[in-house]
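Please read the following explanation with the sequence and the 3D view side by side, and take each region in turn.

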Amino acid sequence: MNTSNETMSSTQNNAGRHALVIGGSLAGLFAARVLADYFDTVTIIDRDVFPVTPDHRKGVPQSHHAHGLLATAFPIIEQLFPGIMNDLRADGAATASNMVPLAIVSPKGLLPLPKKPETISFSRPLLEWHVRDRVSKRPEVHIITNTEVTGLLATKDRTRVTGVQVRERGQLGRTATLHADLIVDASGRHSQAPQWLIELGYEATPVETINSDIRYASRFYVKPEHFPAEWQSLIVNGRPPHAHAGLILSVDHGRWHVTLGGMAGNAPPTDEEGFLQWARDLPDPSIYEAMRIAQPLTPIRGYGTPENHLRHFERMQRWPSGFIVTGDAVCAFNPIYGQGMTVSALDAITLKRCLQEQQRSPRADFEQYFQQQLAGTVADAWLLATNQDLRFPGVRLNGARPNPSLRLLHRYMDLVLYSAIVDPEIAQAYFNVLMLANPPRSLVQPRVVAHVLAVASKRAVKRLLGGEEDVGFALSPEALATLRAQPSMHDARVS
């Protein structure tokens with residue numbers, strides 16, 4: 001992999017058109033790949049030293065927890081990196097045929113989702129390694145590791161950002177400067193962009209925050225041989241006000257990545273007995289029974305994200321040229337919804353579209369225009385996540401007023417799910433929204449609303465007459481019986 005710890009001179013002058021990306025995680029790598037088509041040189045700066053094989057790294061502690069790539073992102077990543085899905089398959093990604101790719105147990109029950117001819121899934125470290133390998137082999141790209149950005153450089157009138165000030169990570173003394181025509185901040189949820197802009201004389205960035213306080217605990221397992229072939233991965237959602245949720249994600253090399261989560265500060269235990277009991281307390285027994293017979297590969301690791309944010313850079317009255325912000329540095333989501341990697345891919349496509357437009361018809365306010373376009377890209381995902389988070393006690397939205405009809409919307413979404421578990425058409429419509437393939441407003445189109453109300457009414461009448469159908473669990477009764485007959489792989493047992 002063409003990754004280097006480059007020695008920096010006190011000043012690096014531009015050699016042709018130069019773009020510099022702060023942050024070498026997926027958002028930064030996707031952005032760098034797009035920029036490589038428009039700039040002579042692209043430099044990526046990251047605080048970490050990257051692993052030489054697909055593995056976790058210090059700068060991404062959340063990689064120890066399950067990361068799903070939503071279906072919407074697959075064609076985008078294949079477009080940016082042709083053939084990468086074949087590379088992932090060859091490197092051990094989980095594949096399956098004629099299976100439900102992702103079974104979802106909603107707060108109302110199991111969604112009747114269709115099987116697919118082929119599915120593929122993988123861990124975040126495997127995806128990130130392959131993306132970085134592809135990006136680093138581009139002749140335009142140079143990667144500087146173990147280096148942190150400490151501030152922005154600007155013209156005397158501070159209307160244009162011209163570079164960054166950097167230092168070797170952990171070294172508080174000597175600094176250096178790197179100059180570029182465009183600086184892209186993809187440094188993640190802890191980005192210093194708002195503070196850097198204030199230091200240059202710009203206004204404070206308007207921001208929405210929500211104290212979802214998601215806590216989760218995760219572990220890798222060996223996927224048991226001959227496990228029932230009913231789905232490849234599984235999500236079991238909690239039912240408010242109870243905040244328990246769980247995920248089994250099939251990943252590379254015959255492993256499961258299991259993550260259990262809790263909202264509003266409810267933390268899954270990281271001890272053996274408590275971890276299993278949390279899974280057992282889920283409203284569907286499938287995750288617990290799967291975990292019980294699976295061989296653990298790693299310790300249980302806990303993590304938490306107290307707050308999520310949407311920074312409204314697009315609302316700022318003034319914006320410097322030569323500087324844009326993307327990825328989690330703009331919008332950091334509740335990880336429980338699995339939106340982050342997919343939105344980073346959508347962000348990259350937004351950047352590509354804006355650069356294409358800039359080539360055809362240059363505009364002086366390109367950077368501010370990009371932030372405005374990016375705001376539209378992330379808006380639906382933010383709305384989807386925050387509206388759901390606000391169902392839980394103690395969760396509050398700051399910096400914006402919640403939708404005044406939120407309670408009515410929650411009731412309608414309850415009807416959607418109540419109907420979806422018996423109606424594949426409604427289930428698919430809801431699934432498409434979760435996958436960010438369709439906007440949330442697609443569920444309130446008159447035709448959809450009429451169909452939801454008709455199915456919900458029919459179910460309600462059946463229930464009154466005592467004929468309500470059994471919607472079942474994620475695993476069939478036969479599969480559950482087979483698993484329950486097998487001995488536990490855990491020394492610690494729950495009662």
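How many bridges join strand β2 to strand β3, and do these strands run parallel or antiparallel? In this predicted model, 5 bridges connect β2 (residues 18-22) with β3 (residues 41-45), and the two strands run parallel. One of the pairs can be found by starting from H18, whose bridge partner in β3 is T41. Both strands belong to an open sheet of 5 strands with parallel pairing, arranged in the order β7-β3-β2-β11-β20. Because β7 (141-144) and β20 stand at the edges and have a single partner strand each, one side of each is left without a neighbour in the sheet. On average, and with direction ignored, neighbouring strands of this sheet are turned by 20° against each other.

A second sheet offers a contrast in the sense of its pairing. Here 4 strands form an open sheet in the order β21-β19-β12-β22, and the pairing is antiparallel. The edges are taken by β21 (331-332) and β22 (397-398), each of which has a single partner strand, so that one side of each lacks a neighbour in the sheet. Strand β19 (residues 308-311) is joined to β21 by 2 bridges, and L310 stands opposite C331 in β21. Helix α9 (residues 366-389) packs on this sheet, where it touches β12 (207-210), β19, β21 and β22, and the direction of the helix makes about 145° with that of β19.

The loop between β19 and β20 (323-325) contains H312. Is this residue buried or exposed? Since its relative accessibility is 6%, and residues under 20% are classed as buried, H312 counts as buried. Its side chain makes a polar contact with the side chain of E314 at 2.7 Å, and, when residues up to four places away in sequence are not counted, H312 touches T205, P206 and E208.

Further antiparallel pairing is found among β8, β9 and β10. Strand β8 (residues 147-154) pairs with strand β9 (residues 161-168) over 7 bridges in the antiparallel sense, with V149 standing opposite V166 in β9. The hairpin of these two strands has 6 residues between them, and R158 in this hairpin takes a positive phi near 60°. Strand β9 is also joined to β10 (residues 176-179), to which it runs antiparallel, by 4 bridges; on this side Q165 has T177 in β10 as its bridge partner.

The charged side chains can be considered next. Side chains of opposite charge can pair when their charged atoms come close. Over the whole structure, a search finds 24 salt bridges. One of them joins the side chains of D37 and R33 at 2.9 Å, N to O; D37 is partly exposed, with a relative accessible area of 39%, whereas R33 counts as buried at 12% relative accessibility. Another joins R255 and D252 at 2.6 Å, N to O, and here D252 is buried, with a relative accessible area of 3%.

The side chains of R391 and D414 also meet in a salt bridge, at 3.1 Å, N to O. This pair links distant parts of the chain, for R391 lies in the loop between α9 and β22 and D414 lies in helix α10 (residues 406-420), 23 residues apart. R391 is partly exposed, with a relative accessible area of 21%, and D414 is likewise partly exposed, at 26%. Elsewhere, salt bridges link D46, D48, R57, R124, E128, R132 and R169 in a network.

How values were computed
Residues are numbered from 1 along each chain as its sequence is written. This is a predicted model: local features need pLDDT of at least 70, side-chain atom pairs count only at pLDDT 80 or more; totals for chains, interfaces and linings use all residues. Side-chain values use heavy atoms; hydrogens and water are left out. Two strands pair if DSSP finds at least two bridges between them. Contact means heavy atoms within 4.5 Å. Axes are lines fitted to C-alpha atoms, for helices over the stretch in contact, and angles run from 0 to 180 degrees between N-to-C directions. Buried means under 20% relative accessible area, exposed over 50%, partly exposed in between (1.4 Å probe, protein chains only). A polar contact is a pair of N or O atoms within 3.5 Å; within protein, one must be able to donate a hydrogen and the other to accept it, and residues adjacent in sequence count only if both atoms are side-chain atoms. A salt bridge is a side-chain nitrogen of Lys or Arg within 4 Å of a carboxyl oxygen of Asp or Glu.
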